[in-house]
Amino acid sequence: MNQPLVSIIVPIYMIDKYLGICIESIINQTYKNIEIIIINDGSMDHSLDIIREYQAKDSRIKVINQRNMGISEARNNGLVIATGEYICFADSDDYVELDMIEELVNKINMDKSDIVVCDYYMFDDQTRKVIEVGYNELFDGSIYDNPNIIKDIDFAPWNKIYKKELFDSIKFPVNTKYEDFEAILKVFSKASKITKLNKPLYDYYFNMSGETRNQTTKNMDMLKIAINLEEYFDFNGRSVVLRDAYVSTVSEKLLHSASTLFKITSLKVCLKYINDVYNYLGKYPKWKKLYRKNMIDSKYIKFIRGHKFMLKLYATLRITLFKIIGR
């Protein structure tokens with residue numbers, strides 16, 4: 001049986017500690033017809049040396065060495081030179097199960113689908129657990145057939161295989177946070193059939209200290225992403241169910257992004273962003289009801305974030321307290 005070529009795109013930045021594990025897990029895949037596109041995004045550690053060592057041993061590895069332009073530009077440049085029929089992504093501090101590509105290719109061929117999603121492991125330095133993605137009834141169709149896919153799936157690029165043609169005319173937004181959500185949701189919207197493989201095949205490293213360091217004022221980019229998606233989808237011209245699924249998801253993301261600003265910005269900037277978020281959500285009369293139905297936030301958090309006055313009061317108290325006791 002002819003094995004289609006799969007392009008695996010791996011952006012790299014200052015990650016020499018974990019890089020070898022990631023590359024080893026890819027070059028040792030049971031599925032051999034792959035090209036491995038590694039984009040060094042201006043690393044100043046030993047990452048490029050490690051990449052070159054592996055490239056000398058494995059001709060399937062292609063290397064792009066670019067100045068530091070961010071993960072979106074790295075992925076976009078990887079897509080430009082990818083020649084595979086299918087695309088997968090991996091992050092350089094993660095690794096993949098050795099049969100991941102084989103399992104995903106078999107599934108996408110068997111189902112004649114455009115995208116296959118799999119479960120994954122989330123691990124840190126002490127623990128490792130399985131994360132089950134969505135539920136089976138969501139799959140075997142498009143997001144227009146099953147709009148709740150938007151609510152119940154993580155739109156990270158990894159733990160998925162895609163037909164490459166789905167990325168035609170779609171790029172990851174550059175110099176923007178939450179770029180995955182915009183790009184991958186657009187890609188999902190072009191798929192006629194999305195299916196699920198009930199098996200964890202990707203290993204995602206959850207770095208809590210990294211999550212904390214990454215909290216910046218760019219968290220406010222989530223509002224820009226929401227506006228871009230609204231323009232792209234024109235939800236007024238779509239089904240009510242699809243629009244509601246989007247509002248339920250984006251309201252949680254917008255209100256979460258607002259709450260991350262308490263330690264990293266001024267009260268004035270934070271309150272303006274909160275106002276902008278509520279003004280945006282106010283275009284959807286049912287947003288509060290839809291937000292309360294999401295499965296992520298607790299009842300306490302939903303109560304505070306569901307009311308503009310309460311969230312602004314909470315922000316004022318938190319930011320004032322941080323100024324008094326220090327951050």
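Start by selecting Tyr121: apart from its neighbours within four places in sequence, Tyr121 is in contact with Glu97, Arg128, Lys129, Val130, Pro200, Tyr202, Asp203 and Tyr204. Before you go on, keep in mind that the model on your screen is predicted.

**Stop 1: around Tyr121**

Colour by secondary structure and you will see that Tyr121 belongs to strand S6. Is Tyr121 buried or exposed? Its relative accessible area is 17%, so Tyr121 counts as buried, the cut-off being under 20%.

Now show the side chain of Arg128 too. The charged end of Arg128 sits over the ring of Tyr121, at 3.6 Å from the ring's centre. For a sense of scale, add Leu166, which is 45 residues away from Tyr121 along the chain. The C-alpha atoms of Tyr121 and Leu166 are separated by 26 Å.

**Stop 2: rings that pair**

Next, show the side chains of Phe, Tyr and Trp. How many aromatic pairs are there? The count comes to 20 aromatic pairs. Zoom in on Tyr95 and Phe123, whose ring centres are 5.4 Å apart. Their planes meet at 55°, so this pair is described as tilted.

Follow the backbone away from each ring. Tyr95 is in strand S5 (residues 95–96) and Phe123 is in strand S6 (residues 115–123), so the pair ties together parts that are 28 residues apart in sequence. Turn on a surface and compare the two partners: Tyr95 is partly exposed, with a relative accessible area of 23%, while Phe123 is buried, at 14%.

Then select Trp158 and Tyr202. Here the aromatic pair is stacked, with 4.8 Å from centre to centre and 5° between the planes. Distant parts of the chain are linked by this pair: Trp158 is in the loop between helix H5 (149–152) and strand S8 (160–163), and Tyr202 is in strand S9 (residues 194–205), 44 residues apart. Both Trp158 and Tyr202 are buried.

Keep those two selected and add Tyr120, Tyr204 and Phe206. Together, Tyr120, Trp158, Tyr202, Tyr204 and Phe206 form one aromatic cluster.

**Stop 3: two residues with positive phi**

Most residues other than glycine have a negative phi. Which way does the phi of Asn159 go, positive or negative? Phi of Asn159 is positive, near 60°, and this residue is not a glycine. You will find Asn159 in the loop between H5 and S8, and it is buried, with a relative accessible area of 2%.

Move on to Tyr178, another residue that is not a glycine but has a positive phi, about 65°. Tyr178 is in the loop between S8 and helix H6 (179–189). Show Lys177 as well: it lies over the face of Tyr178, 5.8 Å from the ring centre.

**Stop 4: two serines in helix H9**

Select Ser257, which has its place in helix H9. Leaving aside neighbours within four places in sequence, Ser257 is in contact with Tyr178, Asn219, Met222 and Tyr273. With a relative accessibility of 0%, Ser257 counts as buried. What lies 2.6 Å from a polar atom of the side chain of Ser257? That is the backbone oxygen of Leu254.

Now walk along to Ser248, also found in helix H9 (residues 240–259). Ser248 counts as buried as well, at 2% relative accessibility. A polar atom of its side chain lies 3.2 Å from the backbone oxygen of Leu290. Setting aside neighbours within four places in sequence, the contacts of Ser248 are Lys151, Leu290 and Asn294.

**Stop 5: a loop residue**

Jump to Asp58, in the loop between helix H2 (47–57) and strand S3 (61–66). At 13% relative accessibility, Asp58 counts as buried. Its side chain makes a polar contact with the side chain of Arg60, at 2.9 Å. Add Glu97, 39 residues from Asp58 along the chain, and you will see their C-alpha atoms 19 Å apart.

**Stop 6: the cavity**

Finish with some empty space. A search of the whole structure finds one cavity of 30 Å³ or more, and the largest cavity has a volume of about 50 Å³. Which residues line the largest cavity? Select Ile8, Ile26, Cys88, Phe89, Ala90, Val96, Met100 and Ile101 to see its lining. Strand S4 (86–89) and helix H4 (100–111) each provide at least two of the lining residues.

Key
Residues numbered from 1 in each chain as written. Predicted model: local features only at pLDDT ≥ 70, side-chain atom pairs only at ≥ 80, totals over all residues. Heavy atoms only, no water. Phe/Tyr/Trp six-rings, centres within 6.5 Å; stacked < 30°, edge-to-face > 60°. Helix = DSSP H or I, 4+ residues; strand = E, 2+ residues; numbered from the N terminus. Buried < 20%, exposed > 50% of the residue type's maximum accessible area, 1.4 Å probe, protein only. Lys NZ or Arg CZ within 6 Å of the ring centre and 35° of its normal. Polar contact = N/O pair within 3.5 Å; in protein donor to acceptor, adjacent residues only side chain to side chain. Contact = heavy atoms within 4.5 Å. 1 Å grid on protein atoms, 1.4 Å probe; cavity = no way out; pocket = protein on both sides within 12 Å on 5 of 7 lines; lining within 4 Å. Points joined across faces, edges and corners; volume = space filled by probe spheres on them.
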